[in-house]
Amino acid sequence: MDKLYKTVLAAVTAASVLVCSACAGAPAADQVQDPDAGKTLPEMTEKITIPASIFKFANTDIEDNMEAFEDYCTDVRRDGDDLILEVTPTQKEELIEMYAGSIDDVLEDMEKDEQGYYVEADTDHSRFIYHIDENIDGILQAKMLLTITTSDVLTGIMETGDPNWSVSAKIVNCHTGLTVGEGTFPDGSITFGPGEWKASYDGGAWLGARQEEVMDMTGLTGPYEGLTDTQKGVVTSVVQMLDWIEGKYEQQFHYISYAPGDAVEQEHLKVYPEQGGESDVVTVYRTYENGLYRYEDDYGEILKRPSYEEQVRIFAEQYLPSEGIKIYTEIKDGGNGAADGESFLKEVSAVTYIFMDEALCSGQYETFLEAVPDWLTENCQGVPAGIYLRMAESEAWKQIGRSDYEDKLREDIYTEEAECAISGSGKVTVY
């Protein structure tokens, strides 16, 4: 009979509460000095909502959790089926460390199993891929699926203060790389059983084809079995990282380069999307510790770039002819909102270069430069942002493109230059 993900998880009684009452005692509230009165005051607290959905997902009783959280928080109270915690920064950090410890305990059990099981997760706590096989111990499987997911979600709630969580999860055959089941929580479920496991085996054909594909991308020749261990490691890593980002965005990405990482540089893969161009370079970063891979990427920032550039273009074309300007933006921090709406520019930190054809724009340049600070003040309050102006003669201007504009910035080809920036505090500088 097929197993329902939530039913399997319910079998784990060890995770009956979201905080472990057997752990160390509750941290005392930090004391801070009042410099005026010379008195010691309690550390300030913040409110964090633990939503009912997390208790339902973890198959745990809210009353039991209320009692358990009381040992770790300044105050705990019930609001309908949610819990409201009041915690100091120290208490919050202690809870986050506790959840990290719960994850580490499960990862240690996985490592002891020695079957090559591992977990992949987004750094924003929104996506998990569990690489296992059908022979995994049932208790270990349930701990892995429940404890790791719940602890990571709670970490995200603690870090952001946002109780609205959503997690996509996938079970993958660790021998073939093929999906066994997937779903989205808290509202969905994953169904898998003997039929799904059987379908996930293909004699290694899928994995072999994927390895050959990546070998071709990275310039490795010959059969996979003939590669050195280091080369096999590169192929495996690129396969995993490509699978991760292609699964996340549901499109194909093309390989550019891979760096394994060392004491100085973090492991990363550079690719560009099928639904884009070679200049849309996406970087996938990965860290590893005790069987857990953490992933993050900057594709979301690239997806917001066209909307940002369009807003700048609308402004610039009030002063400059459209055929005489090129606008290229680098998103520094994409914020949390969608790439639209009135507040979009106030949520996204970015640097935009406007390249101008001298023959078409020289007459309007000074007027436009005078307008830029006011536009930044009105539209970009709250985040660091900049609009950098570069004017060049027509022939030099024509040679500037999205793929090489950063290189062109270092060339002595500009007849006019100015940089206008606004700080997070709202201070505008022109130089």
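**A tour of the aromatic pairs**

In this predicted model, the count of aromatic pairs, taken as rings whose centres lie within 6.5 Å, comes to 22.

Begin by selecting Tyr319 and Phe368, which form a tilted aromatic pair with 5.8 Å from centre to centre and 45° between the planes. Tyr319 belongs to the loop between helix H9 (299-316) and strand S16 (325-333), while Phe368 is part of helix H12 (residues 365-379), so the pair ties together parts that are 49 residues apart in sequence. With surface display switched on, compare the two partners: Tyr319 is partly exposed, at a relative accessible area of 28%, whereas Phe368 has 0% relative accessibility and counts as buried.

Next, select Tyr353 and Tyr405, whose ring centres are 6.0 Å apart and whose planes meet at 50°, so this pair is tilted. Here too distant parts of the chain are linked, since Tyr353 sits in strand S17 (residues 349-357) and Tyr405 in helix H14 (residues 405-408), 52 residues apart. Tyr353 counts as buried at 14% relative accessibility, and Tyr405 likewise counts as buried, at 7%.

Keep Tyr353 and Tyr405 selected and add Tyr328, Phe355, Tyr388 and Tyr414 to them, which brings into view one aromatic cluster formed by these residues.

To finish, turn to two places where a charged side chain meets a ring. Select Arg127 together with Trp244, and you will find Arg127 over the face of Trp244, at 4.1 Å from the ring centre. Then select Lys326 with Trp397, where Lys326 lies over the face of the Trp397 ring, at 4.5 Å from its centre.

Technical notes:
Residues numbered from 1 in each chain as written. Predicted model: local features only at pLDDT ≥ 70, side-chain atom pairs only at ≥ 80, totals over all residues. Heavy atoms only, no water. Phe/Tyr/Trp six-rings, centres within 6.5 Å; stacked < 30°, edge-to-face > 60°. Helix = DSSP H or I, 4+ residues; strand = E, 2+ residues; numbered from the N terminus. Buried < 20%, exposed > 50% of the residue type's maximum accessible area, 1.4 Å probe, protein only. Lys NZ or Arg CZ within 6 Å of the ring centre and 35° of its normal.
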